[in-house]
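Reader: Before we begin, could you show me the structure, and then take me through the reasons behind the words used to describe it?

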Amino acid sequence: MTPSNPLRDESTTKPGAVLPPQAAHLDSTAHLMNRISSQLASQLSLVSLNGRRRPGPPALVVVAHGSRDPRALSTVRTLLDRIREQRPGLPVHLGHIELNDPLLPDTLAGLGTRQAVLVPLLLSRGYHIKRDIPEMAAESQVRARVAGALGPHPLLVEALYDRLVEAGWRTSTDDTTRRRSAVVLAAAGSRDPESKVDTNRTAQLLAERLGVPVVPAYATTAAPTVPDALRALAARGRHRVAVASYFTAPGRFATECAEAAPWIASAPLGTHPAMAELVLHRYDQTLATPISTAPELASA
């Protein structure tokens with residue numbers, strides 16, 4: 001092998017070109033060596049200079065709500081794979097509040113007395129974050145801290161924007177079209193008033209990003225409903241209205257809200273790259289918060 005044989009760049013290979021067997025072999029060998037080097041680097045980072053194994057980072061436990069729709073579990077599992085790709089060496093686990101296995105108490109039981117950060121895959125504050133998840137953590141032996149809701153956050157706004165563009169939203173329109181346009185931000189809904197505060201803030205940020213009104217609406221529990229919001233916008237002359245799906249994964253609520261759309265409806269946030277980035281941000285943010293202001297939850 002000589003220095004004149006560089007690794008193949010996929011972007012410059014002509015369509016239909018057939019690589020010589022030697023080049024294909026070199027390409028696959030280089031890919032394998034890169035994977036081995038990455039794995040070794042990850043393992044060596046856990047070993048100190050005296051040869052003793054360093055304690056690994058606290059586990060990340062992603063807490064999903066759970067759904068009877070099988071697409072939800074598939075989506076969440078794919079999202080966890082994306083998180084693992086972004087942070088090799090970080091132990092990443094999944095726990096559900098209800099409806100799907102593994103349930104959060106079972107996941108925590110499997111961690112024993114380890115340290116963990118629980119990041120809810122929830123978009124706003126509410127009962128699950130304030131009560132359910134902390135209580136499940138306190139009943140386990142895990143030395144756990146619970147992160148806050150994912151939203152509101154600019155990363156969610158970018159994900160919502162991208163999903164709308166994927167659905168057919170035009171990034172540039174004339175003034176006449178803009179005056180006829182609006183978006184309904186369709187969220188799950190909660191009785192907790194702080195949940196509405198968080199959703200309203202996300203709607204404001206999205207409106208600034210799009211340059212048109214964005215009205216928060218809900219699938220259940222809270223008002224207005226998505227159909228009510230659509231009717232109110234139509235009465236104001238806003239007939240070119242998109243529904244932005246403010247859900248982490250497909251499910252009954254997301255489907256019902258999309259079906260109410262008079263024009264286009266975006267897909268749930270799902271595995272958008274911003275979601276993995278935001279989960280890791282909440283993990284890092286929680287670890288960086290002093291214990292005195294973010295008490296560690298542990299069993300007695």
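Author: What follows goes through two sheets, a pocket and the confidence of the model, which is a predicted one.

Reader: What makes S3 and S4 paired strands?

Author: Two strands pair if DSSP finds at least two bridges between them. Four bridges join strand S3, residues 115-120, to S4, and the two run parallel, so by that cut-off of at least two bridges they count as a pair. One of the places where they meet is Ala116, whose bridge partner in S4 is Ala144.

Reader: Why are S2 and S4 called edge strands?

Author: The four strands form an open sheet in the order S2-S1-S3-S4, with parallel pairing. Strand S2 (92-96) and strand S4 (143-146) each have a single partner strand, so one side of each is left without a neighbour in the sheet, and that is why they stand at the edges. From one strand to the next, the twist in this sheet averages 30°.

Reader: Which helices lie across this sheet?

Author: Helix H3, residues 104-111, lies across strand S1 (59-64), S2 and S3, running at about 145° to S2, while H4 lies across S1, S3 and S4 and runs at about 155° to S3.

Reader: How do you know that S5 and S6 are paired in the other sheet?

Author: Strand S5, residues 181-187, is joined to S6 by five bridges, with the two running parallel, and because a pair needs at least two bridges, the condition is met. Within this pair, Val183 stands opposite Val214 in S6. The open sheet they belong to has three strands in the order S6-S5-S7, and its edge strands are S6 (214-218) and S7 (240-245), each of which pairs on one side only.

Reader: What packs on that sheet?

Author: Helix H7, residues 193-210, packs on the sheet and touches S5, S6 and S7, its direction making about 145° with that of S6. Helix H8, residues 226-235, also lies across S5, S6 and S7, and runs at about 165° to S5.

Reader: What residues line the largest pocket?

Author: The largest pocket holds about 1100 Å³ of space. Of the 41 residues that line the pocket, the closest to its centre are His65, Leu122, His128, Ala188 and Phe253. By class, the lining has 18 nonpolar, 16 polar and seven charged residues.

Reader: How confident is the predictor in this model?

Author: The protein averages a pLDDT of 86, and 79% of the residues score at least 70. Over residues 1-28, however, the pLDDT stays under 50, and over residues 34-46 the pLDDT is below 50.

Definitions and conventions:
Residues are numbered from 1 along each chain as its sequence is written. This is a predicted model: local features need pLDDT of at least 70, side-chain atom pairs count only at pLDDT 80 or more; totals for chains, interfaces and linings use all residues. Side-chain values use heavy atoms; hydrogens and water are left out. Contact means heavy atoms within 4.5 Å. Axes are lines fitted to C-alpha atoms, for helices over the stretch in contact, and angles run from 0 to 180 degrees between N-to-C directions. On a 1 Å grid over the protein atoms alone, a cavity is a set of points where a 1.4 Å probe fits but cannot get out, and a pocket is an open set with protein on both sides within 12 Å along at least five of seven lines; lining residues have an atom within 4 Å of a point. Grid points are joined across faces, edges and corners, and a volume is the space filled by probe spheres set on the points. Ala, Val, Leu, Ile, Met, Phe, Trp, Tyr, Cys and Pro count as nonpolar, Asp, Glu, Lys and Arg as charged, and the others, Gly among them, as polar. pLDDT is the predictor's confidence in each residue, from 0 to 100.
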